[in-house]
Amino acid sequence: MATAFSAPKFAAQPFTTISPTSQHKPLKIPTAASPFLGSTRKLLRLSSSSQLNLRRRSSGSVFAVSDVVKEKKPTPIPSLLITKEEGLELYEDMVLGRSFEDMCAQMYYRGKMFGFVHLYNGQEAVSTGFIKLLKQQDSVVSTYRDHVHALSKGVPARAVMSELFGKTTGCCRGQGGSMHMFSSEHNLIGGFAFIGEGIPVATGAAFTSKYKREVLKEADCDHVTLAFFGDGTCNNGQFFECLNMAALWKLPIVFVVENNLWAIGMSHLRATSDPQIYKKGPAFGMPGVHVDGMDVLKVREVAKEAIARARRGEGPTLVECETYRFRGHSLADPDELRDPTEKAHYAARDPITALKKYLIENNLSGEAELKAIDKKIDELLEDAVEFADESPLPPRSQLLENVFADPKGFGIGPDGRYRCEDPKFTQGTAHV
Amino acid sequence: MAAIFQGVGAAAPLSSSPSNSFDSNKSVFSPRRSFSVRKRASFAVVRSDGIVNLNPKGRSAQRLISNAVATKADSPAASSSSKPGHELLLFEALQEGLEEEMERDPRVCVMGEDVGHYGGSYKVTKGLAKRFGDLRVLDTPIAENSFTGMGIGAAMTGLRPVIEGMNMGFLLLAFNQISNNCGMLHYTSGGQFTIPVVIRGPGGVGRQLGAEHSQRLESYFQSIPGIQMVACSTPYNAKGLMKAAIRSENPVILFEHVLLYNLKERLPDEDYICNLEEAEMVRPGEHVTILTYSRMRYHVMQAAKTLVNKGYDPEVIDIRSLKPFDLHTIGNSVKKTHRVLIVEECMRTGGIGASLTAAITENFNDYLDAPIMCLSSQDVPTPYAGTLEEVTVVQPAQIVTAVEQICQ
């Protein structure tokens, strides 16, 4: 239960070594250049049962979400965590996320997209690690930093890019924009601009899953919902209220905290009385797990267990992923507050470089194959931009559509007809 | 002379507003609309002792009419001996509507504080948890913002929740979810997700409940694009609106009133709904149009008695749909009487009356003989003291004075 996850002390955690009062003290980087934490030497062989147990000695521990924490036994022949196909899938997804975001930045500065654009560079391991384990019918709820969650969930790059350009072929017909990515086909339930706002919606999606199983008797309904949000959100009431409800009713949801240590310019330490977010899970009766969010394989292991737990009906899990965003909060953020040493530290832990190294070192793939994937993604993005460029802008007639699912909601006009029957309605010029 | 009134509404096949009578010392006659699903084709007869004076200025004030509205002396087929239908109190009507919809569609569920085991703080959900189970009638913790958001998420993924605010005022805590998610997500998702929620709860000024429990939130919610608002006032329209709201694909906020839960009325046995976008003609008349909703309807009808005795003939419309306004019914009335009085419980500033005044002025300015008068509650937090509370809301005497003023 919850007690399995009371965290022992970590050897080195970046945020505990920073004094909250001074932001400019150099970050105490854990000794020796951090070894790539996904390397097999440090991880144990997986048991075939669903009870994983992996414990690391050094920083960034992974805790298995299981009832009994077994003592770790070093094994002579470590086996790999992923197969070649899986490895390539993960690699491709992360490269897609990174390249897409870089392309977004380019397009923004060229004046193709406007407003607030929040990029995900550096955090790809979390998105890929979790979402690639989901089925189509599982749901994902995100925040404004949602492009990569959309891509991982399967929304085509073309649709996301068009949406960012504000074209009518975008996944939300151009009406949502960067911060409101939705896809009913892929069960991506947003895209929310206010932080914390999506967590109750995710709780509702999980509630539907439970309802379908227990009330509508769709016995095989085991859809899981993932809610992604940041460290700043973890001080918001909606977060706590939903932790309570999810644990109370054992909803099939995983709360994934992407702790990148900064909420725009507010350091997590300056905003939070107890910065260890995963500890807040057991307070509500669910396991709280901390994982190195720069390591896709670790994230994936934790995600597997958390998602399996939810599918079995055992309830929610709180997973805190320690990660970092390489860029500013948004494209409008000059990003002057963060210490360059801190940035350098995390840049050295780039998840894509790390996975690449893992794949090559373990002979799962070669330089050439990975380069081919890079090229493929580049072409995909070129195509996406071209598609978005050539797509039409929404016409005026689109203005009033979609305000109501049932447009009778615009009411009855003075002439006795429903306003939506007014021919001007379809032109977008009706008075409503 | 008898004038037969036929309510002309929009093409709403299922709307019907038959005669209803209350036990609360008022006899209100609602003429039937022409599109009635009910087989009985009776219609309302307005009787007066003399000729209805079409000229408000030269009125002969000596026709004393004993009832504010017509007496159904010889209504055909309806009521009397066979007494079809069943009598229900308003909260029971709401419960019946909710129960019927829950039977009809297994995706309809209820969530709110104390809706399950307690049966609802005003007993609207009494017995439902026993019947449908604890998951379908969900007792939530006290977290309005989150459980409203949860209802919205559930609606987006296939369910049809009815979210109860124990008091409408508590929904202020859910304003984030109602405004941002409920109203907007259908639009920002490009139409991919629908949010068929019903958000309901009692509001309005009660009997010395104090300022925070006596709020009128219609005005706060009315600007949110993407939602519909309706206010029920009789058991008949309470049940009808509840059912229509549940069946609607749009998010609907249903405003009930704390003081109206014990009104009794005879309801038909068969299935019916009240159209969400239509207003209800309560009493046809010639001299002045009085637009009202919820509890103020009863103050207006009380004032109407006095007015009729003084020789006026007010037309009373219960607008029911607070957003959007039924400009057809309202417009026809304005074109007939040329004078408008709005009586509401909402605050003066930015209230429903203010919006309605603007809408009528924009659309029917040419038909008005006098400026629109709007009687609203005072812009004060509702005081606890009974005397002060009484003068916070509009009282029948004020309505009478206003009509006299407007008809000069």
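This is a guided tour of a predicted model with chains A and B, one selection at a time.

**Stop 1: the interface**

Start by colouring chain A and chain B separately. Select the residues of each that touch the other: 54 residues of chain A are in contact with 54 residues of chain B. Interface size is often expressed as the accessible area lost when the parts come together. Here the area buried between chain A and chain B is about 4,400 Å². Carbon and sulfur atoms give 64% of that area.

Now show A:F207, A:Y211 and A:I412 as sticks. In chain A, these three lose the most area to chain B. Together they account for 14% of what that side buries.

Stay on the side of chain A that touches chain B and switch to cartoon. Which elements give two or more residues to this side? They are β2 (182-183), β3 (188-189), α6 (198-214) and α7 (237-249) of chain A. Select α6(A) next. The largest share of this side, eleven residues, comes from α6(A). Then colour the side by class. You will find 26 nonpolar, 17 polar and eleven charged residues.

How many salt bridges does the rule find across the interface of chain A and chain B? Zero. Polar contacts are another matter: between chain A and chain B, 24 residue pairs are in polar contact, with both residues at pLDDT 80 or more.

**Stop 2: the annotated span of chain A**

Select residues 93-394 of chain A. UniProt, in an unreviewed entry, places the feature "domain: Dehydrogenase E1 component" there. The span is 46% helix and 12% strand. Put a distance marker on its end C-alpha atoms: they lie 30 Å apart.

**Stop 3: two links between α2 and α13 of chain A**

Side chains of opposite charge can pair when their charged atoms come close. Over all chains, the whole structure holds 49 salt bridges. Two in chain A deserve a zoom.

Select A:K84 and A:E369. They form a salt bridge, with the closest N and O atoms 3.1 Å apart. A:K84 sits in helix α2 (residues 84-109) of chain A, and A:E369 in helix α13 (residues 367-390) of chain A. The two residues are 285 residues apart, so the pair links distant parts of the chain. A:K84 is partly exposed, at 36% relative accessibility. A:E369 is partly exposed as well, at 30%.

Next, select A:E92 and A:K376. Their side chains meet in a salt bridge at 3.0 Å, N to O. Why does this pair tie together parts that are 284 residues apart in sequence? Because A:E92 lies in helix α2 of chain A and A:K376 in helix α13 of chain A. A:E92 is partly exposed, with a relative accessible area of 25%. A:K376 counts as partly exposed at 46%.

**Stop 4: salt bridges in chain B**

Move to chain B and select B:K264 and B:E87. Their side chains meet in a salt bridge, 3.9 Å from N to O. B:K264 is in strand β10 (residues 264-267) of chain B. B:E87 is in strand β3 (residues 86-89) of chain B, and the two are 177 residues apart. B:K264 is partly exposed at 31% relative accessible area, and B:E87 is partly exposed at 37%.

Then select B:E96, B:E100, B:E101, B:R104, B:K239, B:K243, B:R247 and B:D271 together. Salt bridges with shared partners join these residues into one network.

**Stop 5: backbone details**

Return to chain A and show the backbone from A:G190 to A:G191. The peptide bond there is cis, with omega near 10°. A:G191 is in the loop between β3 and α6 of chain A.

Step back to A:N187, in the loop between β2 and β3 of chain A. Its phi is near 55°, a positive value in a residue other than glycine. Is A:N187 buried or exposed? A:N187 is buried, because its relative accessible area is 18% and the cut-off is under 20%.

Cross to chain B for the last two selections. A cis peptide bond joins B:K323 and B:P324, with omega about 5°. B:P324 lies in the loop between β14 (321-323) and α9 (327-337) of chain B.

Finish at B:S294, in the loop between β12 (288-292) and α8 (296-309) of chain B. Phi of B:S294 is near 55°, again positive in a residue other than glycine. B:S294 is buried, with a relative accessible area of 7%.

Conventions: Residues are numbered from 1 along each chain as its sequence is written. Chains are lettered from A and ligands numbered from 1 in the order in which they are written. This is a predicted model: local features need pLDDT of at least 70, side-chain atom pairs count only at pLDDT 80 or more; totals for chains, interfaces and linings use all residues. Side-chain values use heavy atoms; hydrogens and water are left out. Contact means heavy atoms within 4.5 Å. Buried area is the accessible area (1.4 Å probe) that two parts lose on being put together, summed over both. A salt bridge is a side-chain nitrogen of Lys or Arg within 4 Å of a carboxyl oxygen of Asp or Glu. A polar contact is a pair of N or O atoms within 3.5 Å; within protein, one must be able to donate a hydrogen and the other to accept it, and residues adjacent in sequence count only if both atoms are side-chain atoms. Helices (H or I, at least four residues) and strands (E, at least two) are DSSP runs, numbered from the N terminus. Ala, Val, Leu, Ile, Met, Phe, Trp, Tyr, Cys and Pro count as nonpolar, Asp, Glu, Lys and Arg as charged, and the others, Gly among them, as polar. UniProt positions are given in the numbering used here, feature names are shortened, and annotations may be inferred rather than shown by experiment. Buried means under 20% relative accessible area, exposed over 50%, partly exposed in between (1.4 Å probe, protein chains only).
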